[in-house]
Amino acid sequence: MTDPTPNPFAPVQLGPVRLRNRVIKAATSEGRSPHGLVTDDLIAFHLGFAEGGVGMTTVAYCCVSPQGASAPGQIVMNARALPGLTQLTEAVHGAGAAISAQLGHAGVVAQRKLTGVTAVAPSRFVNPSSFAYCREIRRDEIRTVIDQFAAAAQVAVDAGFDAVELHFGHLYLPSSFLSPLINRRKDEYGGDIDNRSRFVRMIAERVREVVRDRVAVIAKLDMDDGLPGSIWIDEALRTAQLLDADATLDAIELTQGSSVFKPMYLFRGDVPVREFARVVPPPLRPGVRVMGKWAMGSYPYEDLYMLPAARQFVPIMRNTKLILLGGITNRQHLETGMREGFDFMAMGRALLREPDLVNKMIDDPRVRSRCDHNNKCMVTVFGRTHCVLDPDQRYGSAAPLTGPPGSAAPAAKPVTS
């Protein structure tokens, strides 16, 4: 007789990569590369999750071009970043874990004051959170962005990453092409969902051509973004089905929400309005205090809150594995995900609170995360991402960087409030 209880901590294959277990540290903004280069602090951050037992940790957010940045200090995947990235992957591998690079282009989420250029979108668009104008991206620029994703993936391969995660979620540029609210194009990239899925399919195809079977290729895909008239699950299922038929991806990580409006639809739980008000310029603070909860949205937290939508994708996958995200905090949740047909489970805030949570769950199946979903960690991305309940937490034991001069910036300093 076989044990009916699935084991989320047994080794498992993800494309060409063998992971020691099914737990993936989800991409979360880090704030540990203030000059856009790897630091000791960034290495220690990911080393903490590796030493804490995850199968793979995800570096976020890695821009495919300077114009694709969504926040200051993000790593641009180019030759300048390569020495530090290599030392980062070597450190994580030394701790027994795999490492993935999340590749993305911010699109409508980008800010002109940061990138120096007007943000691009499938069609002309005004970002409702920043009121910034976004111009329509030209056809030749679409091809350029596709090539930038491919070039960034090559940097990831050269640096020793085990996987790349293509950011097709949260209304960043690829995701915004999937949205009928933002994509009103009349060419082959607009119209029905098959046409609106063309851009993400071309990115995935081009990246696969470049990396071949040297690394796993993952896509982070919105099931719905919480905006009326935008991405919803019926069309997201079709996009996933098309990507699966292309057989260019090893896995799809299913997500929800956007970085444009109502961001709490992704996170759920407490809305940190007062904390956000403290970090915006003084003239904006009264407005954030009054309108912040409305602008950010308010959605109650539940364990496994993305599962009801995500389980709709299980029966349509033929070639592609699925990664479950959202409200996973204990071993029972991991086992539930496996029983539901998911191959991997991704954790974010719970691991920020306890980088060694996976090891704790292996040692004691009854362990639960101490994260209480107060969501104040969201605000720390403006400085140095951390759990506010343990701001001095040491994530890992990284040795100082030893690369050539200029290969990495000095370690990021902790932000004090």
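These notebook entries record what I looked up in a predicted model of one protein chain.

**Entry 1. The annotated domain**

I began with the record. The UniProt entry, which is unreviewed, carries the annotation "domain: NADH:flavin oxidoreductase/NADH oxidase N-terminal" for residues 9-236. In the model I found that this span is 34% helix and 21% strand. The C-alpha atoms at its two ends lie 30 Å apart.

**Entry 2. Aspartate 222**

I then turned to aspartate 222, which I located in strand S11, residues 216-224. Which side chain of opposite charge is nearest to this buried residue? I found lysine 220, at 8.5 Å, and aspartate 222 has no salt bridge. The cut-off for such a bridge is 4 Å between a side-chain nitrogen of Lys or Arg and a carboxyl oxygen of Asp or Glu.

I next looked for a polar partner. A polar atom of the aspartate 222 side chain lies 2.7 Å from the backbone nitrogen of histidine 170. Leaving aside residues up to four places away in sequence, I listed the contacts of aspartate 222; among them are Phe168, Gly169, His170, Leu171 and Ser175. The list also includes Ile231, Ala236, Thr255, Gln256 and Gly257.

**Entry 3. Isoleucine 231**

Since isoleucine 231 appeared among those contacts, I looked it up in turn. Isoleucine 231 sits in the loop between S11 and H8. Is isoleucine 231 buried or exposed? I recorded it as buried, because its relative accessibility is 6% and the limit for that class is under 20%.

With residues up to four places away in sequence again left out, the contacts of isoleucine 231 include Leu171, Ser175, Leu178, Ser179 and Pro180. Asp222, Met223, Asp224, Asp225 and Ala236 are also on the list. I also noted the separation of isoleucine 231 from aspartate 244: 13 residues in sequence and 19 Å in space, C-alpha to C-alpha.

**Entry 4. Helix H8**

I followed the chain into helix H8, residues 233-246. This helix of 14 residues reaches 20 Å from its first C-alpha to its last, close to the 20 Å expected at 1.5 Å a residue. Its buried residues are Ile233, Ala236, Thr239, Ala240, Leu242, Leu243 and Asp244. I asked what these residues pack against. The partners are H5, helix H6 (193-196), H7, S11, strand S12 (251-256) and helix H12 (307-310). Just after H8, I noted that alanine 247 has a positive phi of about 60 degrees.

**Entry 5. Helix H4**

I examined helix H4, residues 139-159, in the manner of the previous entry. H4 has 21 residues and reaches 31 Å between its first and last C-alpha atoms, close to the 30 Å expected at 1.5 Å a residue. The buried residues of H4 include Glu141, Ile142, Val145, Ile146, Phe149 and Ala150. Further along, Ala152, Ala153, Val155, Ala156, Val157 and Ala159 are buried as well. Their cover includes helix H2 (82-94), strands S6 (98-104), S9 (133-136) and S10 (163-168), and helices H5 (173-178) and H7 (198-211). Glycine 160, just after H4, takes a positive phi of about 95 degrees.

**Entry 6. Salt bridges**

Side chains of opposite charge can pair when their charged atoms come close. How many salt bridges does the structure hold? I recorded 25, and I looked up three of them individually.

Arginine 139 bridges to glutamate 188, with the closest N and O atoms 2.6 Å apart. This pair links distant parts of the chain, 49 residues apart: arginine 139 is in helix H4 and glutamate 188 is in the loop between H5 and H6. Arginine 139 is partly exposed at 44% relative accessibility, and glutamate 188 is partly exposed at 29%.

Arginine 201 bridges to aspartate 246, the closest N and O atoms being 2.8 Å apart. Here helix H7 supplies arginine 201 and helix H8 supplies aspartate 246, 45 residues apart. I recorded arginine 201 as partly exposed at 25% and aspartate 246 as partly exposed at 28%.

Glutamate 275 bridges to lysine 376, the closest N and O atoms being 3.4 Å apart. Glutamate 275 belongs to helix H10 (residues 273-279), and lysine 376 lies 101 residues away in the segment after helix H15 (357-363). Glutamate 275 is buried, with a relative accessible area of 12%, whereas lysine 376 is partly exposed at 32%.

Finally, I noted that salt bridges with shared partners join Glu136, Arg139, Arg185, Asp187 and Glu188 into one network.

Definitions and conventions. Residues numbered from 1 in each chain as written. Predicted model: local features only at pLDDT ≥ 70, side-chain atom pairs only at ≥ 80, totals over all residues. Heavy atoms only, no water. Helix = DSSP H or I, 4+ residues; strand = E, 2+ residues; numbered from the N terminus. Buried < 20%, exposed > 50% of the residue type's maximum accessible area, 1.4 Å probe, protein only. Lys, Arg positive; Asp, Glu negative; His and termini not counted. Polar contact = N/O pair within 3.5 Å; in protein donor to acceptor, adjacent residues only side chain to side chain. Contact = heavy atoms within 4.5 Å. UniProt positions renumbered as here; feature names shortened; annotations may be inferred. Expected span 1.5 Å × (residues − 1).
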